[in-house]
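User: I would like to go through this structure with a few questions. Please show it to me.

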Amino acid sequence: MITSLTLLEKKTECEQFLTVIRKYAARYTDEMWTFLTFQKVSEAEKLLNSQPILDLVNWDVTIEGAQAALEKMRRWNENAFLMIVADTSVSPMTYLKPGISPGALLLKPINPVNTERVMRDLFEVWIRKFNHGQTDSFLVETREERQYIPLAQIDYFEAKEKKVFVRTKSSEYGFYDTLDTLESRLPAEFMRCHRSYIVNLKRIRTLMLSQNLIQLIDGVEVPFSRSYKKTLKEYIKDV
């Protein structure tokens, strides 16, 4: 599953973008896509509060409040490919900086010719980045879809109900596998902490030793077994 988010002020612009993105998505990928479009920053922010996994973002910084909301989006979606939509009223210094790092720029006024040209160039670059970025993601594959989840956003894996569930702050994805198999496939920052859990060590805030619980940076709590207490305490001491 690939998720695209577009924030543009006018409905006609959103419709035009959606038409062009759908065309290039079909041309360049075989993945299923979800297309999210917004005209108001407040509506986009409601979605951002759930910290969704975004792959492609088109963001109009000329809308009031859009620049602050963009920084919020970027903090959670560092790996999303970002196209800025701007005009001469907005200083490039507000979006051409390390914390934003856009991959493409479309200047207003928007018209079909410029949109096609920029989107074609965007997909040429983005698809290479997306394919490369898959090495930094975990693939959940079911009969219905394929979802790439950035490793940095994963809190933990849990075995339950004869399946394994991968959990981020906002989402949970289930698939058929075992934790034993995952242990050998996952990078070093993921550690078995319980017979039913593998935790992302980089997401740990603290250990609640008396309760045998791990508190993650987003407040989620994961149990750990006594046999893993020493290793977890050593990790916390070293970071």
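Analyst: The model is a predicted one, and the turns below deal with a pair of helices and a group of strands.

User: How do helices α2 and α3 run relative to each other, roughly parallel or roughly antiparallel?
Analyst: Helix α2 covers residues 41–48 and helix α3 covers residues 66–76. Their axes lie 10 Å apart, at an angle of about 15 degrees. Angles under 35 degrees count as roughly parallel, so α2 and α3 are roughly parallel.

User: Which kinds of residue make the contact of α2 with α3, and how many are nonpolar?
Analyst: From α2 come Val41, Glu45 and Leu48, and from α3 come Ala66, Ala69, Lys72 and Met73. No residue of this contact is polar and 2 are charged. The number of nonpolar residues is 5.

User: Which strand is joined to β12 by a hairpin?
Analyst: Strand β8 (residues 156–160) is antiparallel to β12, with 3 bridges between them, and Glu158 stands opposite Tyr197. Strand β11 (residues 190–194) also runs antiparallel to β12, with 4 bridges, and Arg192 has Ile198 as its bridge partner. The hairpin passes through 2 residues, and the strand that it joins to β12 is β11.

User: Are the residues on the two faces of strand β12 buried or exposed?
Analyst: Strand β12 spans residues 197–200, with Tyr197 and Val199 on one side. On the other side are Ile198 and Asn200. Both faces are covered, and all four of these residues are buried.

Terms used. Residues numbered from 1 in each chain as written. Predicted model: local features only at pLDDT ≥ 70, side-chain atom pairs only at ≥ 80, totals over all residues. Heavy atoms only, no water. Axes fitted to C-alpha atoms, helices over the stretch in contact; angles between N-to-C directions. Parallel < 35°, antiparallel > 145°, perpendicular 65-115°, else oblique. Contact = heavy atoms within 4.5 Å. Nonpolar A, V, L, I, M, F, W, Y, C, P; charged D, E, K, R; others polar. Buried < 20%, exposed > 50% of the residue type's maximum accessible area, 1.4 Å probe, protein only. Pairing = 2+ DSSP bridges.
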